[in-house]
Amino acid sequence: YRPHRHESRRREPKPEGKPVKPKGMSKDAQQLWDHLVPGLADKGIATDWDTCALQAMCEAWAEYRAALRVRATGLDEKSRRQRMVNSARRAWIELASKFGLTPSDRARLEVEEGADETNPLEQMVHYQPTLRVTP
């Protein structure tokens, strides 16, 4: 802590509520929300002010999962599928990094004293459901 560099952080707003899962989210988005958001809220990383960003992050994950399920046969279809996968993955990573779900961004987070030290990225990696491609 350097007072001349961090003094303004004392005046930051400190929302206290927990995020509320929005209605109408896709199944994959709901599953990710149920898996990650309660832990982020318990650590004080996510609050009610973050609900929209968390929803966008979970829906980006759902889009990524949906893109992985696309069956592509021709070269053009495979190329289009890969662009969809890459785009959804980039969107998810950009949003997830805001909540410390990537290793480099997690190192920058400041968690309250006494908070649970469980690694949310590690939880997500272990969460990965089996991908089933149906014809």
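**Helix packing and selected residues in an all-helical pattern**

Read from its beginning to its end, the protein chain follows the pattern α-α-α-α-α-α, and the model described here is a predicted one. The protein chain contains six helices and zero strands. Of its 135 residues, 32% count as buried, while the surface that the protein chain exposes amounts to about 9300 Å², of which carbon and sulfur atoms supply 50%. When contacts in the protein chain between residues at least 6 apart in sequence are considered, 67% of them join residues that are at least 24 apart.

Two pairs of helices are considered in turn. Two packed helices are described by the angle between their axes and by the distance between those axes. Helix α2, which spans residues 27–42, packs with helix α3, which spans residues 51–69, at an angle of about 135°, and the axes of the two helices lie 8 Å apart. Angles over 145 degrees count as roughly antiparallel, and α2 and α3 are therefore described as oblique to each other. The crossing in which α2 passes α3 is right-handed. On the side of α2, the contact is made by Asp28, Ala29, Leu32, Trp33, Leu36, Val37 and Leu40, and on the side of α3 by Thr51, Leu54, Gln55, Met57, Cys58, Glu59, Trp61, Ala62, Arg65 and Arg69. Sorted by class, this contact of α2 with α3 comprises 11 nonpolar, two polar and four charged residues.

Helix α3 also packs with α4, here at an angle of about 155° and with the axes 8 Å apart. The arrangement of α3 and α4 is therefore roughly antiparallel, and their crossing is left-handed. In this contact, Ala53, Ala56, Met57, Ala60, Trp61, Glu63, Tyr64, Ala67 and Leu68 of α3 meet Arg81, Met84, Val85, Ala88, Arg89, Ala91, Trp92, Leu95 and Ala96 of α4. By class, the contact of α3 with α4 has 15 nonpolar residues, no polar residues and three charged residues.

One of the residues that α4 brings to its contact with α3 is alanine 88, which is found within the stretch of residues 75–97 that forms α4. Because buried means under 20% relative accessible area, alanine 88, at 5% relative accessibility, counts as buried. Leaving aside neighbours within four places in sequence, alanine 88 is in contact with Ala60, Glu63 and Tyr64, and Ala60, Glu63 and Tyr64 are among the residues of α3 that meet α4. Alanine 88 and tryptophan 61 are 27 residues apart in sequence, and their C-alpha atoms are 7.0 Å apart in space.

Residues in the loops on either side of α2 were also examined. Methionine 25 is found in the loop between α1, residues 3–6, and α2, and with a relative accessible area of 4% this methionine is buried. Apart from its neighbours within four places in sequence, methionine 25 is in contact with Gln30, Trp33, Gln55, Cys58 and Glu59. Of these partners, Trp33 of α2 and Gln55, Cys58 and Glu59 of α3 also take part in the contact between α2 and α3. Methionine 25 and alanine 56 are 31 residues apart along the chain, and the C-alpha atoms of the two residues are separated by 9.7 Å.

Aspartate 50 has its place in the loop between α2 and α3. With residues up to four places away in sequence not counted, aspartate 50 touches Ile45 and Phe99. Aspartate 50 and proline 19 are 31 residues apart in sequence, yet the distance in space from C-alpha to C-alpha is 6.5 Å.

A second aspartate, aspartate 105, is found in helix α5, which covers residues 103–106. At 18% relative accessibility, aspartate 105 counts as buried, since the limit for a buried residue is under 20%. Aspartate 105 touches Ser97 and Gly100 when residues up to four places away in sequence are not counted.

Technical notes:
Residues numbered from 1 in each chain as written. Predicted model: local features only at pLDDT ≥ 70, side-chain atom pairs only at ≥ 80, totals over all residues. Heavy atoms only, no water. Axes fitted to C-alpha atoms, helices over the stretch in contact; angles between N-to-C directions. Helix = DSSP H or I, 4+ residues; strand = E, 2+ residues; numbered from the N terminus. Parallel < 35°, antiparallel > 145°, perpendicular 65-115°, else oblique. Left-handed = near helix turned anticlockwise from the far one by under 90°. Contact = heavy atoms within 4.5 Å. Nonpolar A, V, L, I, M, F, W, Y, C, P; charged D, E, K, R; others polar. Buried < 20%, exposed > 50% of the residue type's maximum accessible area, 1.4 Å probe, protein only. Areas by Shrake-Rupley, 256 points an atom, 1.4 Å probe, with all protein chains shown as cover.
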